[in-house]
Structure formats: C-alpha cells, structure tokens
Amino acid sequence: MGITKLADLIRGDAPGSITYKEIGDYTGKIIALDTSIIVNQFRSAVPNLTLSLLGVFYRTLTFLEHDIKPVFVFDGDPPEQKRAVLEKRAQSAGWSSSQRSHTVSSKTREVLRLLQLLGVPCVQAPGDAEAFCAQLVRSGAVDAVASEDMDTLAFGGTVLLRQLNAKRVSEVTEYSLPKLLEILQLTQKEFVDLCILLGCDYCDKIAGLGPSRALKLIQQHRTIEDVMLNINRKTHPVPVGWQYQAARRLFLDSPGSEPPPLQWSEPNEKELVNFLCQEKHLREEKVTKDGDGGVRQNLSPQEEGERGEKKGRRQTDESGRILSCDTEKTVCRSRRIHRQKATED
DNA sequence: ACTCTGCCTCAAGACGTT
DNA sequence: TTGAGGCAGAGT
DNA sequence: AACGTCC
C-alpha cells in the first residue's frame, strides 16, 4: 500500500518539506483519518477484535482530549484499477474476496457504531478513502490528513501527518505538499508521474527504476511519456499493457463528491458504556469514569467546520453521512486525565 | 561508485504497574 | 499479514 | 524502560 519508498525519497531529497511536531500542536484543528488504516493497525497489533475496538476508542479519546476534531473517512467502492491488487492480497491471505468484504463490513459496522457514539463525524468516500481525505484537506474542509501511507500526497493532499498518535514529543511528522513540490521543482502532475514510477497500488512499475533514477528522470523529462523515450527499453522494459494513464487519472481527478457537512457532538456516554460493556463485555472501569467529572471544554458542539453547515444538533442519515449523538455527559477517562494534569502541573 | 532488488528479521496498540 | 531497516549481490 | 494485561 502507498507509494513505494516515497517517504525515503522525501527524507533524502526534500527534508525541508518535513516538520516535526507533537500532537498538542494540532489543538483546534480538523483532521481527516482513513478509517481502514486505523482499524487494520489495531487488527494486526492485537489478535482480538474487541480489543481493536478498544484501541479505536482510546485513540479517538486522545484526539478529543487534545481538542482535535477528527473526521473518520470510510472506504467506498474501490476503483477498478485497485481491484487487481486487492484480489492478489486476498488470495495470498487465503481468503476469497467475497468472504473478505463481508467480514470487513461487519467489522466496520461496529467501528462506525462506536464512532457515532463518540460523537465524531463519519463520512463515506465515493471511492478510495485516501483520495477523499486528500480532497478534504485540499478544499480546506479539514486542516490535515493523518495517515500512515503516502498516497495522500499523490492525491493532492496538502498536509499529511504521520505518527500522529506518537507518545513522545517531536515524533509527529508533517509533510507539506506545496513545499515538497517547490523543493523538488515539480508540478503536481509531474509528481504524480514520479509516484507511478516509484510504484503505487494502481499499476505496475518499470523494473530497474528505483527512487533515485525515477526522480532524476522526471525532473529532466517531466512526463512518463518522455521518460519512456529516454531510457533503454532493453534494460528497462515497459510493462506490457501498462495502465499508467489510468493510474494518473485516478490520482489527478477529484472524487467529485462534495465535502459533507461535518458536525461534532458530545459522546453519548450512556450508550457508549452499554455498547462496550454490555455488548462487548469490556470491563467497565476501562470505559467509564468514576464520578461525574467536569464537562470538557474541548467538546463544545457549537464549533464546527468552517466550511459551512451551521448548527443542528440533529442526527442522522442512515446512508452513511454524518451521524451524531447528543449528550450532556462527559466522556470517561476525562476525570483521570484532569487529575493527571493537575498533579503534573 | 551508485542504484536497484531480494532476502532476511522484526514489530506492529494503548494502558497501568513496577 | 504488511512495512521498514540492514545487508548481500547483480546490474548500470 | 520493561513488562503484563486487555478479552
């Protein structure tokens, strides 16, 4: 997944486009997240499915504690080009793709439920979640995209955050696409061609061309077409039926769907506890606070995305738009957090 | 000399206690 | 499972 | 920092 070796290339050839931050630097910001990446992270880290739900729960709380407004983006139908990769992946995992999609959807339903109860907006991407995240940050609907893979930059996402959940300071890395393009002296179009040469999810690459040569070739010849005219076709054969043009369109064309209204509301503590403890049989002390702590300032529902949509503590739309729940209660753990901060200070 | 590839290994979440 | 880092070897 | 637990 992602663009092969792009992170290395940036670190080596355009370190000026990277800044090192910490999570507290994003207080007040709206941040889009690729939900499937998050879920997969937890799924590979802990074998148990319920525990990965708990991971999503904790991580979301961490955002809220820092007064960060998360937007969870869910994958839509994968584009045609990606199907080959998905098939291959599912096959090597020994799963049929229909099996896979069913399990995923039941899993994502639970994640969706949890996130709704937490009062954070969940949106369905028209296609690839990464692509939609990129569009959201490009249009200004969100301030940044937090993801572990580099696709976002190829899709034109202007601000990418990696390791946002890092515990230690200065471990969050922020990539600036405008700075990157300026340093590399590339246009977005040229950068997309570079990413295709590096290797992406949507088509093959030219064997024998790695990061170093790919960058030099693109900087010199500007397009894949011109690169192909200037390399040794014998030593670097172009893949037969190479679908690079389709991949290019995928990266450059906007998904098209308008940014939906984003709305945050207070967590529905009662249902949250019910869901996690009753349905999922988690220990209550892992989920709830003990007393009735002060309401947290960060969850003020009257603030919203600058891009529009005023109030409305309405909820709903079952077809995957925004759902929100309203409660007056504060979220678990907040009390403990407050105590910790008090003792630290 | 430099670049790319393949093969290897490892670790991957978040929390609390010590 | 995947990705990232280290090291071998073959290619340019 | 290292370790054990979460279910």
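**Close-ups of a predicted model**

**View 1. Strand 3 and strand 4 run parallel, with 3 bridges joining them.** Strands here are DSSP E runs of at least two residues, and helices are H or I runs of at least four, both numbered from the N terminus; two strands pair if DSSP finds at least two bridges between them. Strand 4 covers residues 122–124, and its Val123 is the bridge partner of Val73. This is a predicted model, so local features need pLDDT of at least 70 and side-chain atom pairs count only at pLDDT 80 or more, while totals for chains, interfaces and linings use all residues. Residues are numbered from 1 along each chain as its sequence is written, chains are lettered from A and ligands numbered from 1 in the order written, and side-chain values use heavy atoms, with hydrogens and water left out.

**View 2. Strand 3 pairs with strand 2 and is covered on both faces.** Strand 2 (residues 30–34) runs parallel to strand 3, and 5 bridges join the two. Look for Ile30 opposite Lys69. Of the 6 residues in strand 3 (69–74), 6 are buried, where buried means under 20% relative accessible area, exposed over 50% and partly exposed in between (1.4 Å probe, protein chains only). Lys69, Val71 and Val73 sit on one side, with Pro70, Phe72 and Phe74 on the other.

**View 3. Helix 10 (residues 211–221) has a buried side and an exposed one.** Its buried residues are Ala214, Leu215, Leu217, Ile218 and His221. Seen down the helix axis, they fall within an arc of 170° (taken from the directions from the axis to the C-beta atoms), so they line one face of helix 10. That buried set packs against helix 1 (6–13), helix 8 (177–184), helix 9 (188–198) and helix 11 (224–229), with contact meaning heavy atoms within 4.5 Å. Turned away from the buried side are the exposed Arg213, Lys216 and Gln220. Just past the end of helix 10, Arg222 takes a positive phi of about 75°.

**View 4. Six residues surround DNA strand D: Asn48, Leu51, His281, Leu282, Arg283 and Lys286.** Each has a heavy atom within 4 Å of the strand. Of the DNA strand D atoms that come within 4 Å of the protein, 85% belong to sugar and phosphate. Even so, a base is touched too: a polar side-chain atom of Asn48 lies 3.0 Å from a base oxygen of DNA strand D. At Arg283, a backbone N or O atom lies 2.7 Å from a phosphate oxygen of DNA strand D.

Definitions and conventions. Polar contact = N/O pair within 3.5 Å; in protein donor to acceptor, adjacent residues only side chain to side chain.
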